[in-house]
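Trainee: I would like a close look at one part of this model, and then how the rest is put together. Please explain each term as you use it.

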Amino acid sequence: MNYGYYPGCSLTGSAHKLDKGVRKVLEKQGHVLKEIPDWNCCGAFEYGDRKELTNFSKRNLEKARGLFQEIVAPCPACYKNLKEADEKKEFDIQHPLDLCGEAFLSSMKQVHDLKGLVFTPYYGCILLRPRETAISNKTVMEDTISRFGGEVAGEKVKDKCCGGNQIFINKFATEKLSRLILEKSKGTMVVFCPLCHMALKTFSGDRKVIYFTDLLLYIMGEKNTL
Amino acid sequence: MQKTEHIIELAGYEKEDLTVCLGCKICASVCTVNDLSISTSPQELLQTLFLGKDIAADNPLVRYCTGCYRCTHACPWDIRVPEIVRALRDELATGSPFEKAFKGSVAIWGRVYEPYVLLKAVPFLIKEGYLKHMNRWIEYMGIHLPHKVKGINRSSGSSSSNGLNESNGSKGRKGRAL
């Protein structure tokens, strides 16, 4: 399947590991990702004028028009903004997690299993809320971990807020919220949001924080992604 | 003085959309700001706004709302309080140096170029004790040169406009005069 790909700003910098992971995982599964040409920032959560914010993503959709019908956007903020800007539902904007359904998992080449390993799948906020833009399969990370023999922990914190949005505004708020999540969970934290990754990793000490794509790549045979 | 209609319009609502609030305060019971031991109520913020009273920059939600949408998810009417808070923040110009640098980067390149944002925010990062986290961040930062998106029409940072051409037929923001 061919997809238009919107990486967003974080994935070119602090979340480049997620960018590489998404490209690699989807490529291994036979999908082709092509970047929307000359895409611009989606505005994230930084603009109080909703029209101004939406215009960022409308502009990206204009650049995708005629080239792509299906668009994949891994960053939850970008995904939400793009989806909301597509007011007439002219595009099929998907989050990579929604591509990891039964067909995807059953066709995955398995080299490693997750036996004896404990993971907390952590979705955070924007993948699950607001409901209009939430991903469809809200247990996809748990399903994947269980399927390949891993232990799932931290059910109660999966949709709590890590405060990542506040990390460069009120650091104490992010620290307190992230520590609450880390305390009430076990094992390796598995995330999909660049902000959650940054927030949890900043305060996680020795606890591992990985992207879901790292987990998939490990199952598929890579050695050092966990 | 803030003008209720203007804030609500910035957030993409009309005043009538908010009259449906039942006052049930379920938003307050799920609000993440309460996990910071800071008592707050999105419903009271809506009510204050609706009554045309000013909301101060030190209102707990204006300061600490994380944009988690737990309130929206719990609300019987899915009212998007985080978007009203963001409109208030814009109006009250509460942006931190980091947020200003973020918007500055978007105005110059059309994208957020993280090294620029970090450099612009250095005094703030030092003052607020962020440097001790740098080692952690450098572990996974990707370094690259900035890409300039075509059609960027500003050469310097602006905190209130995205600097992008509006080629999509949108009328863009309305006048901000109150």
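Trainee: Which domains does the domain assignment of chain B give, and where do they start and end?

Mentor: The assignment gives domain 1 (4-92) and domain 2 (96-163) in chain B; such bounds come from an automatic or database domain assignment. The model is predicted, so local features need pLDDT of at least 70 and side-chain atom pairs count only at pLDDT 80 or more, while totals for chains, interfaces and linings use all residues. Residues are numbered from 1 along each chain as its sequence is written, and chains are lettered from A and ligands numbered from 1 in the order in which they are written.

Between domain 1 and domain 2 of chain B, the C-alpha centres are 28 Å apart.

Chain B also touches chain A. Here 52 residues come from chain B and 40 residues from chain A, where contact means C-beta atoms, placed from the backbone, within 7 Å. On the chain B side, α5 (60-64), α6 (70-74), α7 (81-92), α8 (97-109) and α11 (134-140) each supply at least two residues. Helices are DSSP runs of H or I of at least four residues, strands are runs of E of at least two, and both are numbered from the N terminus. The most comes from α7(B), with 6 residues. By type, the chain B side has 17 nonpolar, 16 polar and 19 charged residues. Ala, Val, Leu, Ile, Met, Phe, Trp, Tyr, Cys and Pro count as nonpolar, Asp, Glu, Lys and Arg as charged, and the others, Gly among them, as polar.

Now to chain A, which has 8 helices and 8 strands. Its radius of gyration is 17 Å, close to the 17 Å of the globule rule for 226 residues, so chain A is as compact as a globular protein of that length. That radius is taken over C-alpha atoms, and the rule is 2.2 Å times the number of residues to the power 0.38. Of the 226 residues in chain A, 58% are buried, that is, with 20 or more other C-beta atoms, placed from the backbone, within 10 Å of their own.

Chain A also has an open sheet of 4 strands, paired parallel in the order β2-β1-β3-β4; two strands pair if DSSP finds at least two bridges between them. At the edges stand β2 (32-35) and β4 (92-94) of chain A, each with a single partner strand, so one side of each is left without a neighbour in the sheet. Strand β3 (residues 70-72) of chain A runs parallel to β4(A) and is joined to it by 3 bridges. V72(A) has Q94(A), in β4(A), as its bridge partner.

Methods
A residue is buried if 20 or more other C-beta atoms lie within 10 Å of its own, exposed if 12 or fewer, and partly exposed in between; C-beta atoms are placed from the backbone. Two residues are in contact if their C-beta atoms, placed from the backbone, lie within 7 Å.
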